[in-house]
Amino acid sequence: MSKLRDLQRLLETKEISCVELTEKYLDNIERQNKTINAYVRVTAEEALETAKKVDERIAAGEKLMPLEGIPMSLKDNISTKGIETTCCSKMLQGYYPIYDATVWQTLKKQNAVLLGKTNMDEFAMGSSCETSIYGVTLNPNNTDHVAGGSSGGAAASVAGNMAVFGIGSDTGGSIRQPASFCGLVGLKPTYGTVSRYGLIAYASSLDQIGPITGSVEDAAIIYDCLSAYDPKDSTSVGSKTTTHDKLKDSIKGMKIGIIDEFFDGINKDVKTSLEEAIRVYEDAGVQMVHLKMPGLNAVLPVYFIIACAEASSNLGRYDGIRYGHKTDTYKDIDEMIRKTRNEGFGKEVQRRILLGTYALSSGQYDAYYKKAQNLRYSIIRDFKKIFESCDIILTPSVPVTAYKKGEALIDPIEIYMMDICTIPANIAGLPAVSVPCGFDKNKLPVGMQLIGNNFEDYKVLNAAYQFEKLTKGSYLSPEVEI
Amino acid sequence: MITREEVLHIAKIAKLYVKDEEMDQLIQDMSKIIDYADAIKAVSRDSDVDFDNINNIANAFNEDLVLPSYQRDEILKNREGGENGYFLVRKSLRG
């Protein structure tokens, strides 16, 4: 089940030209984006130019590269040379990067067709796109609900048939949560496998770029293209193995860990869907191993301290001097910087900068930041131990289904807590995928998360692929008519 | 509970202003989140090791080579008012 491969087949057999295919997607955007708000910028001209190039190559009998001719979207925190990149913040409105992010360079080399930049929470801080200056992104499955966040625009672009795949970023669940809310596959790869060069930083030790797709196979194909060592990213290590060729491996005898703490307090419909998914695996000969992880309750505060601390440092660069928003009137340089930052950053971003600065300030550093780093080490060690008794871990992706509009803005702590299932993989740098596994009573998608050991992205993808096959893809978003 | 003075001090280091009308709400929000983060104080350390980086990378040095860099005028494009290849800033030292 690969929409990517199906479309390339249509292109190669000349049943449709790449220009026609691109125009269909641009039409879909034209029709739907006003309501859904997946895109904050549509790059029709660039898209059609690339499509023409692809058609010329097809006419010349050239073989298509793995992502060639595929209409796709990029989250607005991924630098695109000459194309405005704002992180959906007033701070970066009018900012045109002078270089390409490595992932975009790779996609460009493959002649992937960029349709536009997608909506996100401001600087990726949020879980519903409601902190974006461009406003909320709605869920194509039900427009009373949000698409999630922070890569909500990326997910909605795929779920609304406005892109074949979207590239997002995940710091605490920002790829997996919107994928789960929209009924899609979302992969956060092992930390260090996909280059972060050109990804505008939120929390560098947690951020990772990955794909949101309509099927596991597509996610594997994209991962294989994007994962490579990049000397421009000092934390890059590249991938140790490819994943697409391992999707056929049998999962009989595989051990899946179930950690009870992940299932505490989850929504009833989510629980039912996951129990059903577990049965599907058991019927296929997978062994479920029940495990405990008492340290899990420290994960959220540890994450929050580290993420805010890194954000306060990373966002220190926005001073109005070299790029980005700059205030009009000021009497000295200190006032210029402070006014610029006050006007440029939204409330949530300012709150996280203040909290991070607090956790790093003298007098608080040992109690918060240093302690959090110590506990982070223990969490990583606990996971290593867990992977001695199982191959992968199965959890809900999110304890609930898509929020209603406005719901995520009411109580920040309650919403932060909804990231409990996705955050551990960022803390420990582990690969994790969200796969659709059911629907709630309102027909909103439910996601299942599979977490693997470091560099075993192929194992989680294969387990996800087998699930999709065993359930005949019945939880995937409906195929687009082309 | 974080105090008004602490918020003002933190805002100063973070290069932000806090408006008077937003102060009470901010104190409330920050206190709530800090109380929540305080949960880690109750968790005892069971190791002397602090986290350093995920993949145990010791150093990441590039080859000592001269590579092409960005053009000055390209870099200045994102800021109006640059002069002679420099960014323009207000005088920050009194002479």
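In chain B of this predicted model, B:Arg4, B:Val7 and B:Leu8 of helix H1(B) meet B:Asp20, B:Met23, B:Leu26 and B:Ile27 of helix H2(B). Sorted by class, this contact comprises five nonpolar and two charged residues, with no polar ones. The axes of H1 (residues 4-13) and H2 (residues 20-37) of chain B come within 10 Å and cross at roughly 110 degrees; the two helices are therefore roughly perpendicular to each other.

Turning to chain A, an open sheet of 11 strands with mixed pairing follows the order S1-S3-S2-S6-S8-S7-S12-S13-S11-S9-S10. Its edges are strands S1 (39-42) and S10 (287-291) of chain A, each of which pairs on one side only. On average, and ignoring direction, neighbouring strands are turned by 30 degrees against each other. Within the sheet, S2 (residues 71-75) and S6 (residues 165-170) of chain A pair in the parallel sense over three bridges, and A:Ser73 stands opposite A:Gly166 in S6(A). Helix H4 (residues 102-109) of chain A packs on the sheet, where it touches S2, S3, S6 and S8 (208-213), and its direction makes about 170 degrees with that of S2(A). Helix H3 (residues 44-59) of chain A lies across S1 and S3 (113-118), running at about 160 degrees to S3(A).

Next come the nonpolar cores. The largest has 114 residues, of which A:Phe123, A:Tyr281, A:Leu394, A:Met448 and A:Leu450 touch the most other members. Helix H9 (residues 299-314) of chain A gives the most to this core, with 10 residues. Beyond its neighbours within four places in sequence, A:Leu450 has contacts that include A:Tyr281, A:Leu394, A:Pro431 and A:Val460. A second, separate core of 55 residues includes A:Tyr39, A:Leu74, A:Ala101 and A:Ile167.

Conventions
Residues are numbered from 1 along each chain as its sequence is written. Chains are lettered from A and ligands numbered from 1 in the order in which they are written. This is a predicted model: local features need pLDDT of at least 70, side-chain atom pairs count only at pLDDT 80 or more; totals for chains, interfaces and linings use all residues. Side-chain values use heavy atoms; hydrogens and water are left out. Axes are lines fitted to C-alpha atoms, for helices over the stretch in contact, and angles run from 0 to 180 degrees between N-to-C directions. Helices (H or I, at least four residues) and strands (E, at least two) are DSSP runs, numbered from the N terminus. Angles under 35 degrees count as roughly parallel, over 145 as roughly antiparallel, 65 to 115 as roughly perpendicular and the rest as oblique. Contact means heavy atoms within 4.5 Å. Ala, Val, Leu, Ile, Met, Phe, Trp, Tyr, Cys and Pro count as nonpolar, Asp, Glu, Lys and Arg as charged, and the others, Gly among them, as polar. A nonpolar core is a set of buried Ala, Val, Leu, Ile, Met, Phe, Trp, Tyr and Cys residues joined through side-chain atoms within 4.5 Å. Buried means under 20% relative accessible area, exposed over 50%, partly exposed in between (1.4 Å probe, protein chains only). Two strands pair if DSSP finds at least two bridges between them.
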